2 protein chains.
Amino acid sequence: MLVWERPEPPERPAPAPLSREAIVRAAVRLADADGLDAVSLRKVAGALDVGPMRLYGYIDTKEELLDLMVDAVYAGIRPEGDGWREVLRSHAETVRRAVHRHEWLADLLGGRPQLGPNTLASGNAVLTGLTDLDLDTAVPAISAVNAYVIGAVRREVGERRAERTSGLDRRQWQAAYGPYLERTFASGRFPAVESMVRDGPHLDAGETFRIGLEFLLDGIAARLSGGGSTPR
Amino acid sequence: MLVWERPEPPERPAPAPLSREAIVRAAVRLADADGLDAVSLRKVAGALDVGPMRLYGYIDTKEELLDLMVDAVYAGIRPEGDGWREVLRSHAETVRRAVHRHEWLADLLGGRPQLGPNTLASGNAVLTGLTDLDLDTAVPAISAVNAYVIGAVRREVGERRAERTSGLDRRQWQAAYGPYLERTFASGRFPAVESMVRDGPHLDAGETFRIGLEFLLDGIAARLSGGGSTPR
DNA sequence: GTATCTCCAAATACACTGTATCGCGACAGC
DNA sequence: GCTGTCGCGATACAGTGTATTTGGAGATAC
């Protein structure tokens with residue numbers, strides 16, 4: 001039996017009141033503050049003034065706790081707007097914002113299928129907003145948008161962390177990796193990359209995300225008007 | 001203790017010759033066989049008949065080893081074909097194939113910026129194949145394709161693992177999660193998801209990947225012909 | 001040829017991890 | 001009031017990444 005439908009054990013009034021919700025909240029707080037590595041069963045239990053083994057009454061495994069954390073965040077992920085394009089865009093932006101609030105989400109998304117109630121409800125809402133698309137288009141469209149969002153936010157967070165590790169802001173980061181890249185480019189082995197760094201557009205993360213997303217939405221639109229190269 | 005009863009020091013085997021390449025090869029082999037969790041410095045060292053601390057002469061940190069592993073795989077990732085569309089498609093498919101050979105790659109891609117020589121060379125080759133695109137289009141195009149690929153393969157591998165965990169093949173997986181979904185759908189809370197599962201297209205992973213990729217490429221093409229909604 | 005120094009591989013140590021097992025103490029049923 | 005059950009906490013175990021210590025072999029100096 002899976003976590004989602006397995007009932008909680010009966011409330012024991014005796015030692016310290018506990019619930020899956022409280023556990024997940026504590027875990028999320030830890031992860032928000034110090035990253036996913038800070039989420040250990042001992043620390044979560046400690047934050048709740050409880051023995052570590054106590055948690056196993058509520059979850060079978062740490063992975064289940066992580067699943068619950070993801071699902072908890074999905075409680076706030078609902079698309080807005082009318083029409084498939086607005087709905088998909090809103091969904092993508094909302095997921096991205098959630099990842100900004102909970103960077104650890106980038107480490108979990110796509111890692112395993114999410115079938116919790118909030119995640120299902122989110123998917124259901126997206127699908128419901130896509131009634132102007134036939135299912136044969138809607139399903140791959142959602143798939144593609146989800147894949148894009150997962151990859152985009154993952155890279156975004158990865159870069160953000162790298163910057164943070166080596167100082168404070170983008171300038172510091174360039175100070176750390178810049179010299180290495182300079183020397184590497186000096187070898188002349190990567191002229192195209194070099195000219196991209198030198199002459200290419202310098203887009204911030206948000207612009208990059210939005211441009212890629214519009215590419216995708218344009219491609220879906222192309223299929224609708226019969227212009228796309230994607231076979232039905 | 002006197003010499004007479006003191007045992008001889010253990011026969012010291014001549015220290016095995018070592019190199020970053022050998023270390024990375026051993027790590028990749030371990031990861032291919034048993035997943036990324038099987039890559040511990042102790043196990044890698046053990047596979048090379050060497051003390052664990054010896055590795056720190058070649059790498060400063062385990063993360064560096066993982067970076068080296070990624071870069072090693074990128075040695076075989078080069079796009080083929082002519083014209084931006086073929087090149088981007090080929091790049092995407094090649095990365096996907098690499099992930100199939102090395103599932104652990106899905107856990108690493110996007111996790112942190114990759115700036116190793118092979119990764120740079122791969123990026124250089126892609127950029128070189130995109131000379132029929134102006135830089136202002138090429139850069140976000142590559143970004144978008146990379147994001148899509150990272151997310152898509154990540155989800156693909158995540159699902160594959162979930163299936164493998166709970167049995168052998170897709171049928172077994174449906175046997176494990178199916179009943180849960182049945183019961184959950186019975187609640188009537190997710191009608192759109194339910195009808196998607198019941199009536200929607202059942203695409204395999206390869207088709208899903210390719211359709212989403214073509215969406216993206218179509219969207220990029222739309223921008224070239226001035227038809228896209230993406231602002232320059 | 002002998003004494004000293006240097007350097008590096010290995011062993012040890014530490015603080016953690018997830019989780020299996022054990023043992024105790026409190027409540028339930030008779 | 002006794003016994004049985006059950007859930008909690010403590011303990012235990014095998015493993016992790018890495019800092020520190022240790023010892024032995026080769027190089028160097030006289």
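Here is a working chat about a predicted model with chains A and B and DNA strand C.

Biologist: Hi! Before we dig in, how many helices and strands does chain A have?

Modeller: Chain A has 10 helices and zero strands. Written along the sequence, the pattern is α-α-α-α-α-α-α-α-α-α. Do keep in mind that this is a predicted model.

Biologist: Noted. What share of chain A counts as buried?

Modeller: Of its 232 residues, 39% count as buried.

Biologist: And what about the contacts in chain A that link residues at least 6 apart in sequence?

Modeller: Of those contacts, 65% join residues that are at least 24 apart.

Biologist: Okay, on to the two protein chains. How many residues does each one put into the contact?

Modeller: Chain A gives 57 residues and chain B gives 57 residues.

Biologist: Which elements of chain B give two or more residues to the side that touches chain A?

Modeller: They are helix H6 (117-128), helix H7 (135-165), helix H8 (170-186), helix H9 (191-199) and helix H10 (205-224) of chain B. The largest share comes from H7(B), with 19 residues.

Biologist: Nice. How does that side of chain B divide by class?

Modeller: The side of chain B that touches chain A has 29 nonpolar residues, along with 17 polar and 11 charged ones.

Biologist: What does it take to lay chain B on chain A?

Modeller: A turn of 180° with a shift of 0.0 Å along the axis does it, and the RMSD is 0.0 Å. The two copies are thus related as by a two-fold rotation axis.

Biologist: How much of the contact surface recurs between the copies?

Modeller: Of the contact residues of chain B, 96% recur in chain A, so the same surface serves both copies.

Biologist: Let's go back to H7. How do H7(A) and H7(B) cross?

Modeller: Helix H7 of chain A covers residues 135-165, and its axis comes within 6 Å of the axis of H7(B), with a crossing angle of roughly 110°. Angles of 65 to 115 degrees count as roughly perpendicular, and H7(A) and H7(B) are therefore roughly perpendicular to each other.

Biologist: Which residues make that contact?

Modeller: On H7(A) they are A:Asn146, A:Ala147, A:Tyr148, A:Val149, A:Ile150, A:Gly151, A:Ala152, A:Arg154 and A:Arg155. H7(B) brings B:Asn146, B:Ala147, B:Tyr148, B:Val149, B:Ile150, B:Gly151, B:Ala152, B:Arg154 and B:Arg155. By class, the contact of H7(A) with H7(B) has 10 nonpolar, four polar and four charged residues.

Biologist: Changing topic to the DNA. Which residues come nearest to strand C?

Modeller: There are 14 residues around DNA strand C, and the nearest are A:Ser40, A:Arg42, A:Lys62, B:Gly51 and B:Met53.

Biologist: Where does the largest share of that surface come from?

Modeller: Helix H2 of chain A, residues 41-47, gives the largest share of the surface near DNA strand C, with three residues. The residues of that surface divide into six nonpolar, four polar and four charged.

Biologist: One last thing: what is phi of A:Asp49?

Modeller: Phi of A:Asp49 is near 55°, which is a positive value in a residue other than glycine. A:Asp49 is found in the loop between H2 and helix H3 (62-74) of chain A.

Biologist: Is A:Asp49 buried or exposed?

Modeller: A:Asp49 is exposed, because 9 other C-beta atoms lie within 10 Å and the cut-off for exposed is 12 or fewer.

Biologist: And what about B:Asp49?

Modeller: Phi of B:Asp49 is also near 55°, and B:Asp49 lies in the loop between helix H2 (41-47) and helix H3 (62-74) of chain B. B:Asp49 is exposed, with 10 other C-beta atoms within 10 Å.

Technical notes
Residues numbered from 1 in each chain as written. Chains lettered and ligands numbered in written order. Predicted model: local features only at pLDDT ≥ 70, side-chain atom pairs only at ≥ 80, totals over all residues. Near = placed C-beta within 6 Å. Helix = DSSP H or I, 4+ residues; strand = E, 2+ residues; numbered from the N terminus. Nonpolar A, V, L, I, M, F, W, Y, C, P; charged D, E, K, R; others polar. Contact = placed C-beta atoms within 7 Å. Least-squares fit on C-alpha atoms with pLDDT ≥ 70 in both. Axes fitted to C-alpha atoms, helices over the stretch in contact; angles between N-to-C directions. Parallel < 35°, antiparallel > 145°, perpendicular 65-115°, else oblique. Buried ≥ 20, exposed ≤ 12 C-beta atoms within 10 Å, placed from the backbone.
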